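Okay, thanks for coming, everyone. I'll put the structure up and then talk you through a few things in it.

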Amino acid sequence: MFKRIIILSLVVLSSFMFISCEKKTTTNTTTNEIVEDPKVSMYLSNGMIINLELYPKVAPRTVNNFLSLVDSNYYNGTIFHRIIANFMIQGGGFYIENNALKHKESKTIVGEFSANGYTNNLLHEAGVLSMARATDYNSASSQFFICSADSHHLDGNYAAFGRCADIESLNNVIVLSKVKTVAISSSFTDFPEEPISITKIERVTK
């Protein structure tokens, strides 16, 4: 259990707070060909798979950043460090090395949501994928969260950019959101007792 892991170093950061919408497609303006929204599969250390579809017409910069991190294998080995039942699961910014919890650096991006001047009508419903951030609207980088329940108080304040692609993936998110958590510091009060890591994320479609 994680309780037995000795935390040798811990980066203290501000805690990041944080389905359905109709399927969207993008259009190739040169050929007028309809191109499906990108899809990725997230493989977890506990054997679960979460399939996600991304919406570049909703949040193009956010989707491009996420796919860039996926293509560079950035997420491989990162963990879900914040899990709250009936709310969300959050990951993508920390990993464990030599029994120490470490932060993984990544560039920040513009927050594509209405409070920051961007149109984004994707609601934070169960299964929606969105970017975590600090108080600065443009502080999101690599950390994301997936809603396990409707969380409309986040609408317009966080950059939603995708959703679970199938019911099994949504069910996996809900199951993960109910795992036992412990407080390992004042900044990490909802940490999974048994670490759950992302083995890899890979594109299903380009």
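Let me start with a small one: is Asn73 buried, partly exposed or exposed? It's partly exposed, because its relative accessible area is 44%, and partly exposed is the range between buried, under 20%, and exposed, over 50%. And before I go on, do keep in mind that this is a predicted model.

Why pick Asn73? Look at its backbone: phi is near 65°, a positive value in a residue other than glycine. Most residues other than glycine have a negative phi. As for where it sits, Asn73 is in the loop between helix 1 and strand 5.

There's another asparagine like that. Asn86 isn't a glycine either, and its phi is positive, about 60°. You'll find Asn86 in the loop that runs between strand 5 and strand 6. Asn86 counts as exposed, because its relative accessible area is 61% and the cut-off is over 50%.

Okay, on to the sheet. It's an open one, built from eight strands, and if you read across, the order is 5-6-10-9-11-4-3-14, with antiparallel pairing. At the edges you have strand 5, residues 80-84, and strand 14, residues 198-203; each has a single partner strand, so one side of each has no neighbour in the sheet. From one strand to the next, the twist averages 25°.

Zooming in on one pair: strand 3, residues 39-44, and strand 4, residues 49-54, are antiparallel and share five bridges. If you want a residue to click on, take Ser41, whose bridge partner in strand 4 is Asn51.

Now the helices. Helix 1, residues 60-71, packs on the sheet and touches strands including 3, 4, 9 and 14. The direction of helix 1 makes about 120° with that of strand 14. Helix 2, residues 167-176, packs on the sheet too, and its contacts include strand 5, strand 6 and strand 10. For helix 2 the angle is about 120° with the direction of strand 4.

Last stop, the cavity. How much space lies in the largest cavity? About 40 Å³. Among the residues lining it are Thr62, Phe113, Met131, Tyr137, Glu112 and Arg133. By class, that lining has seven nonpolar residues, two polar and two charged.

That's my tour, so let's open it up for discussion.

Key. Residues numbered from 1 in each chain as written. Predicted model: local features only at pLDDT ≥ 70, side-chain atom pairs only at ≥ 80, totals over all residues. Heavy atoms only, no water. Pairing = 2+ DSSP bridges. Helix = DSSP H or I, 4+ residues; strand = E, 2+ residues; numbered from the N terminus. Axes fitted to C-alpha atoms, helices over the stretch in contact; angles between N-to-C directions. Contact = heavy atoms within 4.5 Å. 1 Å grid on protein atoms, 1.4 Å probe; cavity = no way out; pocket = protein on both sides within 12 Å on 5 of 7 lines; lining within 4 Å. Points joined across faces, edges and corners; volume = space filled by probe spheres on them. Nonpolar A, V, L, I, M, F, W, Y, C, P; charged D, E, K, R; others polar. Buried < 20%, exposed > 50% of the residue type's maximum accessible area, 1.4 Å probe, protein only.
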